[in-house]
Amino acid sequence: MVLTQKSPLVVPSNPVPRKIKIEEDLKELAYAISYLPGKGQCMIARRDIRAGEVIVTEKPLINMPDSVYSYEDMRDIETWLDRHMNRFSSDERIAFFDLADCRTPALTDGKEEKSALGIFFTNDMNFDGDAAVFPIISRANHSCVPNADFVTRGERRVQEIIATSNIAAGEEITLSYLQAASEGSEGKKERQGYTRLWYGFQCKCRACSLEGQELILDEAVRTRVREIQGLLADSSTAQNQVALVPLPYLDAFLDDLRIIGSKLSYRLDMTRFVFDRAVTAGDAGLLAKTAAAGYMLDDIVNGCEAGSRNEFEFGIRSTLVFDTNDSEAEGYLYMPGGGLAHNETTL
Ligand SMILES: [Zn+2]
């Protein structure tokens, strides 16, 4: 999220001593903090990274409770921040003030001026409902089609960056700064307007660099996504949703979310929704597809939390059957050795 940094190239040294046996080399740092002209500091893959792999695990430097973040008077937030920063070690203070600030206007003599508030609001991320700053994760730049996403591990109080596609050595590691249910599905003009307004840069990511037919196709996918999002938001009751958004549309909607690189947590929520609809409608094909996709997403988003159980495991191990006495022909899941259960009460 660094936009105007002028720091020299910084590449972390390999933390694994070379004398350690070869297998240990696989555990070497997956990323390096580097510098790209026009972009400032950024995060680069040091080696090939597989989809689903954890790239960074980091504790927050600042964890501002939502109750503080919601203060209406900015001076109250500043007071909280000052008190918190008074407890910083010198290294923590250096790490914090090395982060970008796109909220504080630059001085007229051309020197860069930063403020603690400006740095905080440039770099803060959602952290289990709170707002937190992570010095390393904050180096990851934005893309409207990111190759990574961040996930909060509440149990361990850490944030992780996870690869959402295979990333080649040397490739930049990117996150989306956009909300999945709103700006994330907007067209190029709206997305670029959002990043200009809130982060002070004109996005030139792969999606924003498309031209001609490729741009038309990308915009068409996003238009479809927004239409479904609009219908789901408008339909206040379950009956409305069934009537307004047929299953084939929801099936395509999940594919489109994957194509535009939508956030993992949002894709998990939508997959859960479509899975439930598939069970109720008795659509075995869509049930199998959403159970498999949901299992994978739940494993990535919640999988390593202590005591967590994959909510789609039941769907994968079950068989869809119909209750022929049911006039609405609702689908049921048959649990091996466990009888019948309706999806809404069992999952
Ligand atoms: Zn973009």
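Colleague: In β6, which residue is the bridge partner of methionine 125?

Modeller: Alanine 132 is the bridge partner of methionine 125. The model is predicted, and a local feature is given only at pLDDT of at least 70, a side-chain atom pair only at pLDDT 80 or more, while totals for chains, interfaces and linings use all residues. Residue numbers start from 1 along each chain as its sequence is written.

Colleague: What makes β5 and β6 paired strands?

Modeller: Strands are DSSP runs of E with at least two residues, helices are runs of H or I with at least four, and both are numbered from the N terminus. Two strands pair if DSSP finds at least two bridges between them. Strand β5 (residues 125-127) is joined to β6 by 3 bridges, so the two pair under this rule, and they run antiparallel. They form a hairpin with 2 residues between them, and aspartate 128 in the turn has a positive phi of about 60 degrees.

Colleague: How many bridges link β4 and β6?

Modeller: Strand β4 (residues 62-64) and strand β6 (residues 130-133) have 3 bridges, in the antiparallel sense. Asparagine 63 of β4 stands opposite alanine 132.

Colleague: Why are β3 and β8 said to stand at the edges?

Modeller: The open sheet has 3 strands in the order β3-β9-β8, with antiparallel pairing. β3 (54-58) and β8 (148-153) each have a single partner strand, so one side of each is left without a neighbour in the sheet. Between β3 and β9 (residues 158-163) there are 4 bridges, and glutamate 58 stands opposite glutamine 159 in β9.

Colleague: How do you know that the span of α9 is close to the expected one?

Modeller: The expected span is 1.5 Å times one less than the number of residues. Helix α9 (residues 247-259) has 13 residues, for which 18 Å is expected, and it reaches 19 Å from its first C-alpha to its last. Just after α9, glycine 261 takes a positive phi of about 70 degrees.

Colleague: Which residues of α9 are called buried?

Modeller: They are Leu250, Phe253, Leu254 and Leu257. Buried means that 20 or more other C-beta atoms, placed from the backbone, lie within 10 Å of a residue's own; exposed means 12 or fewer, and partly exposed is in between.

Colleague: What puts these buried residues on the same side of α9?

Modeller: The directions from the helix axis to their C-beta atoms define an arc. That arc covers only 95 degrees, which puts them on the same side of α9. On the other side, Pro248 and Asp255 are exposed. The buried residues pack against α7 (212-234), α10 (264-281) and α11 (284-302), where contact means C-beta atoms, placed from the backbone, within 7 Å.

Methods:
Two residues are in contact if their C-beta atoms, placed from the backbone, lie within 7 Å.
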